[in-house]
Amino acid sequence: MSYLRAYGIFLALALITAMHQLPPVESLVLVAGKVRISNQFPSPLVLHCNSDHYKIDLGNQTVRGGSFFEWNISVVVGKSNVYSCVMYSRNKVGDFVLFDPEKDVSSEVCGFKNFFCDWQLRNGGLFLFYTKRREYVLRYPF
């Protein structure tokens, strides 16, 4: 057997052995960051956010005027963790997606490394800060 062929077989066996010792791909975190919603109204905002895929329920939250609520998110290989929130404020009710990794994890919107999705509820609706533009953009009328 030639030296090159023996070396190739050795590398293949080493790679196979190493792959069996790695954690499953499902636990590989691609990016991690925060989602924040700020209430710019004087009246309180009541919200209830959850992620159906992970069965994560953030519970009912009351955000006073001028305050915010935020939570940490990790985007994991092979899993979708879309967060939606039902909101009540000033006699209005709405159900909104506040985090969708396919739309929000990008240099245009919330960024990549240590992403930060910064939402504001203010006159006109829900605005999301677009990182590349460096401005808040209306995403949902409310």
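These questions and answers walk through a predicted model of one protein.

Reader: Which pattern do the helices and strands follow along the sequence?
Author: The model is predicted. It holds two helices and nine strands. Read along the sequence, the pattern is α-β-β-β-β-β-β-α-β-β-β.

Reader: What share of the residues is buried?
Author: Buried here means under 20% relative accessible area. The protein has 142 residues. The buried share is 35%.

Reader: How much of the exposed area comes from carbon and sulfur atoms?
Author: The protein exposes about 8,900 Å². Of that area, carbon and sulfur atoms supply 57%.

Reader: In which order do the strands of the four-stranded sheet stand?
Author: This sheet is open, and its pairing is antiparallel. Its edge strands are β3 (56-63) and β6 (92-99), each pairing on one side only. The twist averages 15° from one strand to the next. The order is β3-β2-β5-β6.

Reader: Which residue of β3 is the bridge partner of His 48?
Author: Strand β2 covers residues 45-51 and pairs with β3 in the antiparallel sense over six bridges. One of the bridges joins Asn 50 to Asp 57. For His 48, the partner in β3 is Asn 60.

Reader: Which residue in β5 stands opposite Ser 51?
Author: β2 also pairs with β5 (residues 83-89), again antiparallel and over six bridges. Opposite Ser 51 in β5 stands Tyr 83.

Reader: Which side chains of β2 point to one face and are buried?
Author: Side chains alternate along β2. Val 46, His 48 and Asn 50 point to the other face and are not buried. The buried ones are Leu 45, Leu 47, Cys 49 and Ser 51.

Reader: Which strands stand at the edges of the five-stranded sheet?
Author: The order in this open sheet is β4-β1-β7-β8-β9, with mixed pairing. Each edge strand has a single partner, so one side of each is left without a neighbour in the sheet. The edge strands are β4 (68-76) and β9 (135-141).

Reader: Where does the hairpin of β7 and β8 take a positive phi?
Author: Strand β7 (residues 115-122) and strand β8 (residues 125-130) pair in the antiparallel sense over four bridges. Trp 119 stands opposite Leu 128, and Leu 121 has Leu 126 as its bridge partner. Two residues lie between the strands. The positive phi, near 105°, is at Gly 124.

Reader: Which residue of the hairpin of β8 and β9 takes a positive phi?
Author: β8 and β9 run antiparallel and are joined by six bridges. Among the facing residues, Phe 127 stands opposite Leu 138. The hairpin has four residues between the strands. The positive phi, near 60°, belongs to Arg 134.

Reader: Why is β8 largely enclosed by the rest of the structure?
Author: Burial gives the reason. β8 is largely enclosed because its buried residues number six of the six.

Reader: Which residues of the largest nonpolar core touch the most other members?
Author: In soluble globular proteins, nonpolar side chains tend to be buried together. The largest nonpolar core here has 30 residues. β1 (29-39), β2, β4, β5, β6, β7 and β8 each supply at least two of them. Those touching the most other members are Ile 37, Trp 71, Met 87, Leu 98, Phe 99 and Phe 115.

Reader: Which residues does Leu 98 touch?
Author: Contact means heavy atoms within 4.5 Å. Residues up to four places away in sequence are not counted. Leu 98 then touches Val 35, Ile 37, Trp 71, Tyr 83, Ser 84, Cys 85, Met 87, Asp 104, Trp 119 and Leu 126.

Technical notes: Residues numbered from 1 in each chain as written. Predicted model: local features only at pLDDT ≥ 70, side-chain atom pairs only at ≥ 80, totals over all residues. Heavy atoms only, no water. Buried < 20%, exposed > 50% of the residue type's maximum accessible area, 1.4 Å probe, protein only. Areas by Shrake-Rupley, 256 points an atom, 1.4 Å probe, with all protein chains shown as cover. Pairing = 2+ DSSP bridges. Axes fitted to C-alpha atoms, helices over the stretch in contact; angles between N-to-C directions. Core = buried A, V, L, I, M, F, W, Y, C linked by side-chain atoms within 4.5 Å.
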